[in-house]
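User: I would like to go through the reasoning behind some of the labels used for this structure. Please set each value against its criterion.

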Amino acid sequence: MFDQTIVTLSISSLLLPVFGFALIVLFNKRFPQIYKLGIGILLFGLASAITIMVIKFTQYLHNDIIFRFTWIDFGNIPGIGKTQIVLGVKIDNIATIMLFVVNLISSLVHIYSLEYMKGDSRFNRYYAYLGIFTFSMIGIVIADNLLMMYIFWELVGLSSYLLIGFWYEKKSASDAGKKAFLTNRVGDIGMLIGILILYTNYHTFTFDQIFHEISLGHIPFGSSGWLTATGILVFLGAVGKSAQFPLHVWLPDAMEGPTPVSALIHSATMVAAGVYLSLRIFPILTADAMLFIAVIGGFTSFLAASIALTQNDIKRVLAYSTVSQLGYMVMSVGVGAYTFAFFHLVTHAFFKSNLFLGSGSVIHAMHHEQDIRNMGGLRKKMPVTYTTFVISSLALSGIPLFSGFLSKDGILAGSLAFAHLTGHWLLPTFGFLVAMMTAFYMFRLIIIAFHGKPRNQEKYDHAHETPLVMTIPLIVLATLSLFFWFSPNPVSPESGWFLSKWVHTPQQVIPNESRYHFMINDNTVEQENAENSAPVMNSEEYEHAMHWAHIPTLTMSITLAGLGVLLAFLLYQWRVFDPDKWAEKLKPLYLFSLNKWYVDEFYAATFIGGTIGLSKLLSLFDKYVVDGIVNGTAFVTRGLSNISGVFDKYVVDGAVNGTAFLSGLLGLGFRKLQTGKIQTYIVLVVFSILILLLLI
Amino acid sequence: MSGFPILSLLTFIPLIGMIVVLLLKKGQEKEVKYVSLIATGLQVILAIILIANFDFTKGGIFDPNTFQFLENYKWIEIFGGSWIGTIKINYIVGADGISAPMILLTAIISFIATLSSWTINKSVKGYFALFLLLDTAMMGVFVSLNFFLFYVFWELMLLPMYFLIGIWGGPRKEYAAIKFFIYTLVGSVFMLLVMIGLYFSATQTLPDGSHAFTFNFFALMNQSNYNTTGILSPLNPHNLRFIAYIFLFIGFAIKIPMFPFHTWLPDAHVEAPTPISVILAGVLLKMGTYGILRISYPIFPQITRELIWYIALFGMINMIYGAFVALAQKDFKKLIAYSSVSHMGYVLLGMASLTTIGINGAIFQMFNHGTITAMLFLIVGVVYDRAHTRGIYEFGGLANQMPVYTGFVTVAFFAAIGLPSLSGFVSEALVFLGAFSVEAIRTVTIISTLAILLGAAYMLWTLQRIFFGELNEKWKSLPDLNGREYAMFIPLMLIIIFLGIYPSPMIHLMNTSVTSLVNFISANSVNLTMSGF
């Protein structure tokens, strides 16, 4: 009976923000205070999310709430049968948690922006866009089918585009918005083709039905190669949205948007949608697809972390850090550590949005200064911002007692277990290197920006702690970065309710020969789940490997993170080593990192340049060749009719004087051939038709 | 509804309007405009009545008994000599799920185009007379169920269109007009040949038991009506049906316009006044694909099935080539014109699938392209009216100068990009779903998906160049939309949003007919396993 409540609440928290968007856009001139509507709706959304969470976890822990409706009905198609396009929502445990995360962070950003965006000429419009973002993000979270996922996928793309380019007077901002949308579309093409494959084979978009069909042994086009391809193609959507290599280039540029937007969309929620999608399709990922995903994720995390080491823009460091952490999550999906991917998604959402909001606080205080080399010493001026920033950095760096440690450790253990089982040792190597690099670049950032002496005295003097509307969200999020929310034991995530009760790895549905051997369920373990919920994976082999990896991961990750922090202090705080000298010594590497591996330059020269060049070439081809043939034909025809006109006038006309009417008409026509008179052309045309008819 | 000649009224109300316009005195320009507005307004009301009374369970296509609002009168009956016999041509009009969306579209677009014509002040009487004549001809094409009648209306469109571009157009109007005229006329000649060929190949049994040659679509679709000697008779071992199919296809392809017959379109659009561009993109381009579905497909089902790979291929070329060329344009209107080429490619691809979903998507795309591109051309018109230039690079920063206008532009652009929740997405998705499910054209479909990226590229780039950035000093005084422009944009936008969120009514309208068309083709053709590439 409470399931109706859950459906109602989730659908209203989905739809209200979009009504808010419409009302604000339509009436923002008439009612300057209308942005409050957006905030009110979000607070309602947060209340709904909490209610849903309470009901779901108390009443329906093992049952998914599903609500479906027919969107398009094609009736009975011969050869296929009843064909419908059914949409629906599915509130399972991960959707419930995501609803809470999205609504919470969105609410905090709504409040925070009251101060941050104060005085902006498009203040109301900003809130409208936040509304449409919340709407589309919730849509992704609660979708129970791929089509709806794709629909909202594109819509978050729109809101991201609008918000990145919010200050569209700046060319860099509108460029960044466009780049984000187009880069995402590249991935979306893959996702679209993947969806087309699934629909062609199963005539449904619904996850559960697709999984059911596959579990019966119906694989796409009867080939395991297509099954792998399908998984990878749908995953390409995630590569775009979650900014994975090679489509990661848009996310750092997306920092052109207002900073609260970066906190909400480009770190905590939307970019995590890719990971969420990968989790949704997890049951159909073959061994090859999983390896592909793991390698993409592992490499991305390394690539981005290596770039973050040298960046000087506070937001860019955080942006690359986000790409890197998303890489972690993606790798985690690939190595089969499903639960830790989702776990890290949640913990990361809190501490990374906190870091962005903290950087926003700094930027706000420093009057839009983003270069950390012009900061310094802010610790004393902005104690709240500093403290919360450090807490979140510790979480991000994977220091015990903080949430990030729990989730990140799981991912590293997962990659180590995976390597142990499959021999792909490169993945944990990436993982542990990144752990150290993360600790280093975060503390480099903290030391340069907050410690030491101010480098720009004037800006420093004007700086001050930001007001409560901005610091309260920081405090809330910093608190959520502590371990005890997730697990009573600060070094063991498994003992927490999050992993032991709420989130389980679903069982894969693909044929056993397509899976990794350790993804095959043990028959010995009994299923304890209720019918409505996806069966849980039970593989003793995998459990053993994870268990084996636990202690080595724990020691190594703490050591490496500690080393990273220490190195940052040695270089930037205590100046035992001079960072500039080291940069000079390692110049090629330093420049490679500073210039982001030259990926943007490479794309500009190849894909973008190629597309523009081809478009110009085809445009010329169109003008001179295709149209040239048309005009040439016209020219020749005109010439021929001129000749026949002359022939007509002097030969035919002279000979057949009697047919006065016809010759008069023709004569009139052809004499005035180039005058542009319409009759002329009509006659010409009529004559041409006659010739054509005679010829054919 | 039986007995009420709603289709004839829909077709000839503009003609009556034209006569009224011609009877008005010189100087009564306001009255002329209102007469047109009333005529096209009545058309919209009638079209809505038609849809409201439409029986969604009736298929139409090949079966006169399931056509709705059918009117069948004796029209021409002349003795044509001993070997031709008596020529009996009926005036026969009717609607089914394929024509109903087009009838609605024609009515809506004509009404909006009338509003957009309000600013015409050069020989107003002549303009509106021709405009209304064009409206009659367009509606006539969509309701005709007889090849001869179809052809008459088809040709009737040309003349007003020619003058409307040639007199009220831009600097190179004469070139554009004659190009349009000759190009489409060449297509008509091809069609005429096929029409005559078909006429002499099939006979229809009359109520009195005698047989007579026929232009009737239903009769031509029925294989048993063909004689053994006609050059386009499938019973004739030396028939020329294949060549006829190609001829007919070219005739329609020019109108779509399909690569490589598309170059008249950018010229015609660039020179045509805004309302005529709206008509051209909104309605005229649909006639090509409509003709293929109405005539080529059911009359030549076997050849259609054999050629689907090529149809899909040309669809793909249109989609990608059109998008690439659009990307390079510096003239706003030309860019939109090429985007039309690209978007009409989706229609071809969907049609080529010969599946219910794909053809539903294709017709839906025709309707959506009609509304979306009409809006895009109106958008170009608004800025051209004010700034007297269409150079994309001459603008910038209009978003702050004309915020309401920018809002409508954003909706229209994203509709063209195929953003979900706007109508273009649904039809494009259905086209891809339908086309992908057919193995023969799967590779082509996969390549075609590139168009959704290129489409976003040229649209967003245009949005950026015209509306974002700093405002050019020159345009500091451009006013935002006026009431009349609101009246043009709002209905189109509401349709685009409504059908994007709730496409069911439109699918419902088409689905039965589409299914019977698909069934008819598969029943009347041998299923050949084709392998593309």
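**Reasons behind the labels**

User: In this predicted model, what makes the length of helix H16 of chain A close to the expected one?

Analyst: Helix H16 (residues 383-397) of chain A has 15 residues, and the distance from its first C-alpha to its last is 21 Å, which is close to the 21 Å expected at 1.5 Å a residue.

User: Why is H16(A) described as largely enclosed by the rest of the structure?

Analyst: A residue counts as buried if 20 or more other C-beta atoms lie within 10 Å of its own, and 11 of the 15 residues of H16(A) are buried, so the helix is largely enclosed by the rest of the structure. Among the buried residues are Tyr386(A), Phe389(A), Ile391(A) and Leu394(A). H16(A) is followed by Gly398(A), which has a positive phi near 80°.

User: How do you know that S1(A) and S2(A) pair?

Analyst: Pairing requires at least two bridges between the strands, and S1(A) and strand S2 (residues 81-91) of chain A are joined in the antiparallel sense over 11 bridges; the criterion is therefore met. Ile72(A) stands opposite Ile85(A) in S2(A), while in the hairpin, with its 3 residues between the strands, Gly79(A) takes a positive phi near 90°.

User: What makes residues of chain A and chain B count as in contact, and how many are there?

Analyst: The C-beta atoms of two residues must lie within 7 Å, and 42 residues of chain A are in contact with 47 residues of chain B. H6(A) gives the most to the side of chain A that touches chain B, with 13 residues, and by class this side has 26 nonpolar, 7 polar and 9 charged residues.

Definitions and conventions. Residues are numbered from 1 along each chain as its sequence is written. Chains are lettered from A and ligands numbered from 1 in the order in which they are written. This is a predicted model: local features need pLDDT of at least 70, side-chain atom pairs count only at pLDDT 80 or more; totals for chains, interfaces and linings use all residues. Helices (H or I, at least four residues) and strands (E, at least two) are DSSP runs, numbered from the N terminus. Ala, Val, Leu, Ile, Met, Phe, Trp, Tyr, Cys and Pro count as nonpolar, Asp, Glu, Lys and Arg as charged, and the others, Gly among them, as polar. The expected span of a helix is 1.5 Å times one less than its number of residues. A residue is buried if 20 or more other C-beta atoms lie within 10 Å of its own, exposed if 12 or fewer, and partly exposed in between; C-beta atoms are placed from the backbone.
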